[in-house]
Amino acid sequence: MRPVILRGKAVSLGVLTRDDLRRLWEWYNDRSIQLFLQRPWEVLTYEDEVEWYERVRRNSERERVFGIIENPTQDLVGVIGLSKIDPWDGHAEVGYYLSKEHWGQGYAREALSLIITYAFDWMNLRKLYANVYEPNEASIRVLEANGFRLAGRFRRHHHVPGTGYVDMLVYELLRDE
Ligand SMILES: CC(C)(COP(=O)(O)OP(=O)(O)OC[C@H]1O[C@@H](n2cnc3c(N)ncnc32)[C@H](O)[C@@H]1OP(=O)(O)O)[C@@H](O)C(=O)NCCC(=O)NCCS
């Protein structure tokens, strides 16, 4: 059984293992998942995926990644993580993706609420932020549903395949708000 770090109603945050990497590798190469990520053109080999896992593992002071686990089935359905963790200023960036077959069930919303608890209550961070591209309405809803507020926008900052240059929105959440 995989250790669970924080349990929610529908999903939990669990420790990511090497056995998960095949699925993450498939999902990360899925263009519909990549469309609104930072490097939509990126293609990973399985070895790249393993290297990424090892890099995150070695760099756990600056980066933490969890599996999003569906409670009834115990299946891995996505990943969510903190990067650029800055213990001095007490902030970190949050990012996530779910396997396509599990979109639209409120899983990202709950996973984000769990990682907020982890960041604020367990890591004693005081601020989280996320960069999201304007056409990514699902992700914007997930952030706003968890209390993130729009802090600013970089205009026509990023190229989305098939759409063109779009604004990058910066969302932030302060612990004491
Ligand atoms: C963004 C993502 C994580 C959302 O996951 P999810 O589990 O489907 O999200 P949820 O079900 O928790 O919530 C999605 C919300 O967006 C809404 N939504 C979904 N698609 C939408 C669309 N195309 N337009 C508008 N709203 C949309 C849903 O109705 C839901 O709203 P509600 O909570 O008010 O009912 C998922 O689509 C994904 O993995 N995308 C690819 C990777 C990615 O973009 N990651 C985020 C980078 S910032």
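Contact means heavy atoms within 4.5 Å. Keep that cut-off at hand for the first exercise. The structure here is a predicted model.

**Exercise 1. Placing Val15**

Task: Find where Val15 lies, how exposed it is, and which residues it is in contact with beyond four places in sequence.

Solution:
- Step 1. Start with the secondary structure. Val15 lies in strand β2, which covers residues 11–15.
- Step 2. Check the accessibility. Partly exposed lies between under 20% (buried) and over 50% (exposed). Val15 has 31% relative accessibility, so it counts as partly exposed.
- Step 3. List the contacts. Set aside the neighbours within four places in sequence, and Val15 is in contact with Arg2, Pro3, Ile5 and Asp20.
- Step 4. Look further along the chain. Gly67 is 52 residues away from Val15 in sequence, yet their C-alpha atoms are separated by 6.0 Å.

**Exercise 2. Following Asp20 into a network**

Task: Asp20 is a contact of Val15. Which residue meets the side chain of Asp20 in a salt bridge, and is Asp20 buried or exposed?

Solution:
- Step 1. Recall the principle. Side chains of opposite charge can pair when their charged atoms come close.
- Step 2. Name the partner. The side chain of Asp20 meets that of Arg23, with 3.6 Å from N to O.
- Step 3. Apply the cut-off to each residue. Asp20 has a relative accessible area of 2%, so it is buried. Arg23 has 32%, so it is partly exposed.

**Exercise 3. Two more salt bridges**

Task: Place the pairs Glu54–Arg57 and Arg149–Glu177 along the chain.

Solution:
- Step 1. Begin with Glu54 and Arg57. Their closest N and O atoms are 2.9 Å apart.
- Step 2. Find their element. Both sit in helix α3 (residues 46–58); they are three residues apart, so about one helical turn separates them.
- Step 3. Compare their surroundings. Glu54 is buried, at 14% relative accessible area. Arg57 is exposed, at 52%.
- Step 4. Turn to Arg149 and Glu177. Their side chains meet at 3.9 Å, N to O.
- Step 5. Locate both. Arg149 is in strand β7 (residues 149–160), and Glu177 is in the segment after β8 (164–174). The pair therefore ties together parts that are 28 residues apart in sequence.
- Step 6. Check exposure. Arg149 and Glu177 are both exposed.
- Step 7. Return to Asp20. Salt bridges with shared partners join Arg2, Asp20 and Arg23 into one network.
- Step 8. Take the overall count. The whole structure holds ten salt bridges.

**Exercise 4. Around the ligand**

Task: Which residues come nearest to the ligand, and which elements each supply at least two residues of the shell around it?

Solution:
- Step 1. Pick out the nearest residues. There are 20 residues around the ligand, and Tyr96, Gly104, Gly106, Arg109 and Arg141 come nearest.
- Step 2. Assign the elements. β5 (91–98), α4 (107–122) and α5 (137–145) each give at least two residues to the shell. The largest share, five residues, comes from α5.
- Step 3. Sort the shell by class. Eleven residues are nonpolar, six are polar and three are charged.
- Step 4. Inspect the backbone atoms. A backbone N or O atom of Gly104 lies 2.6 Å from a ligand oxygen. For Leu98, a backbone N or O atom lies 2.9 Å from a ligand oxygen.
- Step 5. Inspect a side chain. An N or O atom in the side chain of Asn136 is 2.9 Å from an oxygen atom of the ligand.
- Step 6. Finish with the surface. The ligand taken alone exposes 960 Å², and the protein buries 73% of that.

Technical notes:
Residues are numbered from 1 along each chain as its sequence is written. This is a predicted model: local features need pLDDT of at least 70, side-chain atom pairs count only at pLDDT 80 or more; totals for chains, interfaces and linings use all residues. Side-chain values use heavy atoms; hydrogens and water are left out. A residue is near a molecule or strand if one of its heavy atoms lies within 4 Å of it. A polar contact is a pair of N or O atoms within 3.5 Å; within protein, one must be able to donate a hydrogen and the other to accept it, and residues adjacent in sequence count only if both atoms are side-chain atoms. Accessible areas come from the Shrake-Rupley method with a 1.4 Å probe; for residues, only the protein chains shown count as cover. Ala, Val, Leu, Ile, Met, Phe, Trp, Tyr, Cys and Pro count as nonpolar, Asp, Glu, Lys and Arg as charged, and the others, Gly among them, as polar. Buried means under 20% relative accessible area, exposed over 50%, partly exposed in between (1.4 Å probe, protein chains only). A salt bridge is a side-chain nitrogen of Lys or Arg within 4 Å of a carboxyl oxygen of Asp or Glu.
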